[in-house]
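Hi,

Here is the structure I promised to pass on. Have a look, and my notes on what turned up follow below.

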Amino acid sequence: MVGLADCNNFFVSCERTLNPALENQAVVVLSNNDGCVVARSNEAKRAGIKMGQPAFQIKDRIQSGEIIALSGNHLLYREISLKVHDIFRRYAPMTLDYSVDEAFLIMDGIPDSQLRSIGEAIAANCWDELHIPVTIGFAPSKTLAKIVAESCKKRGKRVGVLLKAEAARPVIQKMSISDLWGIGRRLSKRLYTSGVYTIADFADKDLGWIRTNLGINGERSWRELHGEHCIELSHVQTQLQDSVSESRTFPEDVDDYDYIRARIAIYAADCSKKLRAMGGECQLLGVMLQTNRFHLERGNAHPQGSVRFIEPTSDTVMICNAAISILERIFIQDLPFKRAGVWLSEIVPAKSVIPSLFDSQESIREKASRSLLMKAIDNINLGPGIPILKLASQITQGHPGHNDGYSSTFQAPKR
Ligand SMILES: [Mg+2]
């Protein structure tokens, strides 16, 4: 059996962990440039707000206070995502992380009779420890587990267990084919013309017909609906993560600008490396600082800032320099900070980046050679851990109790 654990309205739920006043309100989270809706609370769904709806269409309802609109806080979502996935791992023999708020739980060796109570325990832990609502569906295949979780969410149930594929009948008769995992909107339009409107219509088609008309991917979905395991995550078009981030809590409160600047450079370089490893380039960069919640004597602040690159980049030097310029802008003198972080978002595949109209021959050559330089740096710094080759801005004078391999007897250049 396989489970799908899925956080409900994830970004909104994350925002609610910080601000309980958002409970029971119609809340939406907007994309990075505040362009469109990327998450909705149940109340916002009931108010008719659509996923991906442009913000300007609901401007009046936001201004009147009917809908609360928030800008995304991707560092927060990422941190909570890591914790949620940790809880999933406590209960399943193996998990496959599918997205920021979803994971498949491979339940090999676990008796069917225990699935429901395991699901209940996961949901209870996510709620008690993190205040994140989670729905879990168990079924004989990933596709069916997705269907079970989806139908549980609609009925307000936390856990569903489907032991036999045939038992999904009443549910899939009511679900549109466009809601079938792996069938996009375009494909479902094509299926409508063949009289396939619901997932049940699809499952009732003859396998030969599916194979001829939809190829191997269609066949896999069909088999999964009939209870066979055949979709591996490598078959599924993986979307690039929408953000990468790095953040750390310092061993003690720090008000030393040079120290914090070096940390920001380290996180920025790590993020850039991750970004290149996933074959992406980013358009938006953010930096945040946080004071110690438990030491408020000298004040409390959570300054953050972001910049947008004119063109997507994954260049460590550019990203580090931009991160440091944000830090200069948001740093507050004499305030001790406990935590700092860097995030990159609006990630696009690197290969789709074409030179812009205004690029000179020289700048195109420059870009090409920078990309070679980054490749060379990545080859030298292969693997996790402290990089061998780093920028001078990443080098910090040792800080008491913080021996992380970055410390050096060389003082970082002054601002
Ligand atoms: Mg979700």
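Let me start with the surface: I380, I388 and L389 make a nonpolar patch of about 290 Å². Keep in mind throughout that this is a predicted model. Two of the patch residues sit in a loop. I388 is in the one between helix 13 (361-380) and strand 13 (396-397), and L389 is found in the loop between helix 13 and strand 13 as well. I388 has a relative accessible area of 66%, so it counts as exposed. L389 comes out at 40%, which makes it partly exposed.

What does L389 touch, if we leave aside its neighbours within four places in sequence? The contacts are I377, I380 and N381, so one of the other patch members is among them, by the definition of contact as heavy atoms within 4.5 Å. There is also a C-alpha distance to look at here: L389 and A376 are 13 residues apart along the chain, and their C-alpha atoms are separated by 10.0 Å.

Next, helix 5, which runs over residues 115-130. Its length works out nicely: with 16 residues at 1.5 Å a residue, helix 5 should span 22 Å, and the end C-alpha atoms are indeed 22 Å apart. Which residues of helix 5 are buried? They are L115, I118, G119, I122, A123, N125, C126 and L130. These cover an arc of only 160 degrees around the axis, so they lie on the same side of helix 5. As for what they pack against, the partners are helix 1 (10-18), helix 4 (74-91), strand 6 (102-106), strand 7 (134-139) and strand 8 (159-161). Just after helix 5 comes H131, which takes a positive phi of about 65 degrees.

Now the charged pairs. How many salt bridges does the structure hold? The count is 18, and I'll go through three of them.

One is R61 with E66, where the closest N and O atoms are 2.8 Å apart. Both partners are partly exposed: R61 has a relative accessible area of 27%, and E66 is at 39%.

Another is D204 with R169, again with the closest N and O atoms 2.8 Å apart. This pair links distant parts of the chain, since D204 belongs to helix 9 (residues 199-204) and R169 to helix 7 (residues 169-172), 35 residues apart. D204 is partly exposed at 49% relative accessible area, and R169 is partly exposed at 32%.

The last one I picked out is E219 with R211, whose closest N and O atoms are 2.9 Å apart. E219 lies in helix 10 (residues 207-225). Is E219 buried or exposed? Its relative accessibility is 11%, and the cut-off for buried is under 20%, so E219 counts as buried. Its partner R211 has a relative accessible area of 44%, so R211 is partly exposed. Leaving aside its neighbours within four places in sequence, E219 is in contact with L207 and I210 as well as R211. The pair is also part of something wider: R211, E219, R223 and E228 are linked in a network of salt bridges.

If you open the model, the patch made by I380, I388 and L389 and the network of R211, E219, R223 and E228 are the two spots I'd pull up on screen.

Cheers

Methods:
Residues are numbered from 1 along each chain as its sequence is written. This is a predicted model: local features need pLDDT of at least 70, side-chain atom pairs count only at pLDDT 80 or more; totals for chains, interfaces and linings use all residues. Side-chain values use heavy atoms; hydrogens and water are left out. Helices (H or I, at least four residues) and strands (E, at least two) are DSSP runs, numbered from the N terminus. The expected span of a helix is 1.5 Å times one less than its number of residues. Buried means under 20% relative accessible area, exposed over 50%, partly exposed in between (1.4 Å probe, protein chains only). The arc is that of the directions from the helix axis to the C-beta atoms. Patches are made of residues with over 30% relative accessible area and no salt bridge: like charges are joined within 9 Å, nonpolar side chains (Val, Leu, Ile, Met, Phe, Trp, Tyr) within 5 Å. Accessible areas come from the Shrake-Rupley method with a 1.4 Å probe; for residues, only the protein chains shown count as cover. A salt bridge is a side-chain nitrogen of Lys or Arg within 4 Å of a carboxyl oxygen of Asp or Glu.
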